[in-house]
Amino acid sequence: MKRFLLAVFTAVVLPLYAHAQGFDAVIDNIVESYTPWQSVEFSGRLKCDRLPLSPSVKMYMVRDSLLQISVRAPLLGEVGRLNVTRDEVLVVNKMRRVYCSEPAESLFELWPSMLSDLQSVFLARVAVLGSGELDAENSAVVDAGDDGEGNWIIVPQTDPGTLPFNYGYLVSPAGRTLAMMGAVTGKGSLTIEYSYPGRGEQLDITLDRSNGKKTEATLEFTSVKWGGTEMSPVRLGNYSKVGLKEFIGSISK
């Protein structure tokens, strides 16, 4: 793991691995391990060192077109909702009865593959930012190297200045993603470690800031079901629409 973290921070030695022995085989293993999907439903719980409770989380995704996340607190029911489509980003704070709704057009102009990339993160799949989930075609811009413990470090290469951060993945020989990391020089890093208990999936998330502050959270999805059911829309008739800054303030109250 330490070598993986260092490699993503530097992204300097990794081009030397591009023709490492077994590179084509490991890419094939990764791509072939991905189940084709159209929709998927996750159920689980969020644990965070900054939260007094561990709310339950339900998520529903339609490939490349919809991401829904519902957060429920004990005895209170649903307290928050995120709904992302190609047309709109909607976040709802049911406790404060406010919501923020913004057109998604500008986001997709800046980040055309935003929705599919986020979906890949939750599905624990290697994504090449800007060209989607890893496949036979975009693997041409991916470098790979053995981490010394039998796993593979996978780092997409981009033109200098294209992205303000380095990112990469740690993948097992069987093609399962073990970790993802993004690092901004002088700012900090975000690391997601994946594990697969039973039929579920666990994401251990660590945000390290350059000022030494750290936030840790765990998403424990006890159920990951292909298919699933879309969530009913939130009725917003009695809610107040606010700007993004005010909405963020409503969460921290």
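**Why these labels apply**

Glutamine 202 touches Glu193, Tyr194, Ser195, Pro197, Thr218, Leu219 and Glu220, leaving aside residues up to four places away in sequence. The model is predicted.

Me: What makes the link between the side chains of glutamine 202 and aspartate 204 a polar contact?
Reply: The two side chains are joined at 3.2 Å. The cut-off for a pair of N or O atoms is 3.5 Å, so the value qualifies. Glutamine 202 itself belongs to strand S14, residues 201–209.

Me: Why is the pair of tyrosine 167 and tyrosine 169 called edge-to-face?
Reply: Two aromatic pairs are counted. In the one formed by tyrosine 167 and tyrosine 169, the centres are 6.2 Å apart and the planes make an angle of 80°. Pairing needs centres within 6.5 Å and edge-to-face needs an angle over 60 degrees, so both conditions are met. Tyrosine 167 and tyrosine 169 are both buried, which means that each has under 20% relative accessible area.

Me: How do you know that arginine 176 is close enough to count as lying over the face of tyrosine 196?
Reply: Arginine 176 is at 4.1 Å from the ring centre of tyrosine 196. The limit is 6 Å, so the distance passes. Arginine 97 lies over the face of tyrosine 239 at 4.5 Å from the ring centre, so this distance also falls within 6 Å.

Me: What makes helix H4 mostly covered?
Reply: Of the nine residues in H4 (114–122), eight are buried, among them Met114, Leu115, Val121 and Phe122. After H4 comes alanine 124, with a positive phi near 60°.

How values were computed
Residues are numbered from 1 along each chain as its sequence is written. This is a predicted model: local features need pLDDT of at least 70, side-chain atom pairs count only at pLDDT 80 or more; totals for chains, interfaces and linings use all residues. Side-chain values use heavy atoms; hydrogens and water are left out. Buried means under 20% relative accessible area, exposed over 50%, partly exposed in between (1.4 Å probe, protein chains only). Helices (H or I, at least four residues) and strands (E, at least two) are DSSP runs, numbered from the N terminus. Rings of Phe, Tyr and Trp (its six-membered ring) pair if their centres lie within 6.5 Å; planes under 30 degrees apart count as stacked, over 60 as edge-to-face and the rest as tilted. A charge sits over a ring if NZ of Lys or CZ of Arg is within 6 Å of the ring centre and within 35 degrees of the ring normal. A polar contact is a pair of N or O atoms within 3.5 Å; within protein, one must be able to donate a hydrogen and the other to accept it, and residues adjacent in sequence count only if both atoms are side-chain atoms. Contact means heavy atoms within 4.5 Å.
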